[in-house]
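Please open the structure in your viewer and keep the selection panel at hand. The tour proceeds by successive selections.

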Amino acid sequence: MSNWDVVIGLEIHAQLQTDSKVFAPDSAGYSKHANENISEISLGYPGSLPTVNRMAVEYSIKIGLALNCNIKKNSVFARKHYFYPDLAKGYQISQFELPLCEDGSIDFMLDDKNVTVGIERAHMEEDAGKSSHKGGYSLIDYNRAGVPLLEIVSKPDMTTSKQAAEYARTVRNVLRYLEVCDGNLEEGSMRCDCNVSLKPKGQKELGTKVEIKNINSFRFIEKALDFEIQRQASLLENNESISQETRLYDSTKNKTFSMRSKEEAMDYRYFPDPDLLPLEVSDELIESIRKNLPELPLEKKERFKKDYEIPDYDASVLTSDKDLAFYFEESAKASKNPKATSNWIMGDFLKSLKESQLSFEDLKVSPKDLGLLVQLIDKGEISGKMAKQVFADMWKSGESPKAIVKSKGLSQISDPEEVKSIVEGVVSAHPGQLAEYKSGKNKLFGFFVGQVMKESKGQANPELVTKFLMEKLKS
Amino acid sequence: MNINIDEGSGTSVVSKITEVFSKIEEKDSSINSFISLHKEDALASAAESDKRFKSQEDVRPLEGVSFSIKDMFCVKGHKTTAGSKMLKDFVPPYDATVIKRLKDAGAIILGKANQDEFAMGSTNEMSYFGACKNPWNLKHVAGGSSGGSAASVAARFAKISLGTDTGGSVRQPAHFCGTVGFKPTYGRVSRYGVVSFASSLDQTGFFSLKVEDAFKVAQVVSGKDTFDQTTSSSEKVIYDSNSVDTAQDLKGFKVGLVKEFMDADVDSDVAKAMELSKNALKARGAEIVEVELPLVEHGVPAYYLIATSEAASNLSRYDGVRYGHRADVNTDMSLEEFYTLNRSEGFGPEVKRRILLGNFSLSSGYIEAFYRKACQLRRLMREDYFKAFAKVDAILAPVASTAAFKLNAFEGDPLKKFLNDYFTVTVNLSGLPGLTVPVQKNESGLPVGVQLIANQFEEAKLLKAGLSLEDEFKFYEEAPDV
């Protein structure tokens, strides 16, 4: 492997969550039945014409700005021709020579190093319908036909599969922060094609590239690229050539296989769509979108480090998702102990979240209650161990930590006088053990702790127990 | 604005429309100007018009005026075939914007007019439903592609007809059939719901016997449409009453004669019509000025590259999946076989020729030499026109080099037919308004007209000059013997 330089570039298709389709007034949202959100426009009926959806343009500009792109004041829609039954007009309206967004970049941390990936372009286009095949017949659902997409094309700046996956995660995170795309690879609201080529170490000229399609998780981006890099390397090492082609990834076999070769590659016959005028966007529009951009992941991370004095790692994890970051901030406000809150969120909270597969909006535990739980520990009202139990109950019932502590009688005995009297009672009830301890059997200290905890039903504050036992046993 | 087009008086709209249908049913079998008739709906609309006339409430601008509609326009619930086997049973679930505006204005739609398949042709012989013949002589063509529209007006079936003009498809059949044929500026009339041939060139046009009528109807149905981004919101009116009032006085009005057009080889009847028209305009005070369009000889090739490129793209949607012709296919066939069969059977020879030409012109390796070069020429040619219109108010030009051809005159020689579009296509390439005004009959009794061209959005100037010519020749007084 060390003989080769790996060059990777990604094409990410992001489905924009607009109300209506990009060139038609039909709904772009969820639909229960097939062919429900359709019109003569999305079905490509004779005489129907496209009209550009302003919201889709604004969402695209938003993404472009977040990816540090130049927004072109004049861009052009072009027709990309190919025949397929789920492509109603026989062409897809896309952008070719003059895309809306160009020349951007995005940064992320990987293995404690900053990585910058250039963005070649991001252009608007329409989605196609969905085909399904059953017993010799094909069924087509045009609900998706005409849903707006932004295709984000990276520069070939990545050199490892890990970088590629992390780049895709970072882009997804940005899309979610902007609230323009839910970035779900499994469901296809975000799709990712990977281009990869190998060249002899140090050589400037790029090798023959292969495109991999059909990758529906971040993990598979890594696996598919790893497989493909290996495949190409062994071909090259056997002095065989790489053929320029499009390959599909099969996740069950963890292999890529050829879909079509360059010779079969289609001539899309791009030309400017004469039904649509060049897309003009004003400086005012661009500036007003820029002004209203939300805080982006990287900015948020830096702010978390500064404002909450939490480590870089914590800040990275907490800002990896917009909802999670919001949850943390609300919790920390309630607890007044950001680091402890961060520990709780990165620990029990994320573990429960992952196991339950719940989304943030379905959570029963409010961020404020999680903060209050942390506060109960800080005040010594419950022990860390108890808190774990309380949290588990909160997760299930959504009740406040105080209510749970109270109803289960879990609250810690932190009154020094009370703890002291229990300790004294226990010590005087075990004169034999006391004598042994005093004769040097230090191990028996644990026995006394156990007895105190038993007597207090586990509620005695452990720090106080230790303190009073030491005093009592010494005397 | 309130426009009233005189449909005669005395009887009810219902009785007049009933009369029109019996005339069509009796006479149209030999002309073949209609593909389908909408008798039931037309009589229902006529009854509505009568009601509004009677109560004098809510009387609409085009109340009771009869229309034939080229079969390119979607009319909800009625077959819209585009003259093609591909769409012979296609029933649109929506009205084209112009149709909606016509209906709202109280117009009566008699039926759908014959045309060349997908508006590709200049003789109407390329219709799947048979050629439309010239009402003045049934051995001659009506012209095309909007032949049925022109013939239905010439034969006095419909008062007005809607056609489409991509390279002359309104102006040329008007010239062949002795009617007025008016194509407004590109962008004046919404293309929404009009079957696309070449999107950057297609424009709705109007046939009538009298110049004013075409402009009045255009005024009613034109204007911005949110469903067609290429429509313009120009505030300049199409039907300008000032043009009507001053039509007899052309003092200060400059008419250009294009050197390259005047040097072209035309039949003597066309040359004569040009001479008579020039003199008529001069007699009313117009100044005649020579202008040049040095690139106009490249007009036909540029037009055919752009029009076929856009057409090949626009016609990709006809695949037999959602609507339109589906061959006798089965599940053993590949997807490619499915498409090939549907499209091979559904399209006629002229459409296939143009799809092939267009796809070639757009294909990688050739697009620079063909499609892009043509677009470049188009821009330069438009500049030439703008320069000419800095000097003149309108251009007077032939419509075609001959009067109506005999049927089957171009069999086996499509190129010769293409060259016949020399005088009309550059007007579309430049997005200009154009008008055919009939002048007189030639020795064989076939009508001959001339063309007036103005700068973008200067339809009012066409109206003024057109009315002058009409006043001179009064061709509307002549009717073919059908």
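The stops below take chain A as a whole, then a group of its strands, and finally the contact with chain B. Please bear in mind that this is a predicted model.

**Chain A as a whole.** Select chain A and display it as a cartoon; 15 helices and 16 strands will appear. Its radius of gyration is 30 Å, well over the 23 Å that the globule rule gives for 475 residues, so chain A is more spread out than a compact globule. Along the principal axes, the C-alpha trace covers about 95 × 55 × 50 Å. Buried residues account for 39% of the 475 residues in this chain. Of the contacts in chain A with a separation of 6 or more, 69% link residues 24 or more positions apart.

**Strands S11, S12 and S13 of chain A.** Next, select residues 190–200 (S11) and 210–215 (S12) of chain A; these strands run antiparallel and are joined by 4 bridges. Within this pairing, Val196(A) has Val210(A) as its bridge partner. Add residues 245–250 of chain A to show S13(A), which runs parallel to S12(A) and is joined to it by 4 bridges. Here Lys213(A) is partnered with Leu248(A). Now include residues 218–237, helix H3 of chain A, through which the chain crosses from S12(A) to S13(A) in a left-handed β-α-β crossover.

**The contact between the chains.** Finally, select the contact, to which chain B contributes 38 residues and chain A 25 residues. On the chain B side, helices H10 (299–314) and H12 (349–362) each give two or more residues. H10(B) gives the most, with 3 residues. This side of chain B comprises 17 nonpolar, 15 polar and 6 charged residues.

Terms used
Residues are numbered from 1 along each chain as its sequence is written. Chains are lettered from A and ligands numbered from 1 in the order in which they are written. This is a predicted model: local features need pLDDT of at least 70, side-chain atom pairs count only at pLDDT 80 or more; totals for chains, interfaces and linings use all residues. Two residues are in contact if their C-beta atoms, placed from the backbone, lie within 7 Å. Ala, Val, Leu, Ile, Met, Phe, Trp, Tyr, Cys and Pro count as nonpolar, Asp, Glu, Lys and Arg as charged, and the others, Gly among them, as polar. The radius of gyration is taken over C-alpha atoms; the globule rule is 2.2 Å times the number of residues to the power 0.38. A residue is buried if 20 or more other C-beta atoms lie within 10 Å of its own, exposed if 12 or fewer, and partly exposed in between; C-beta atoms are placed from the backbone. Two strands pair if DSSP finds at least two bridges between them. A crossover is right-handed if, with the strands pointing away from the viewer, the path from the first strand over the helix to the second runs clockwise.
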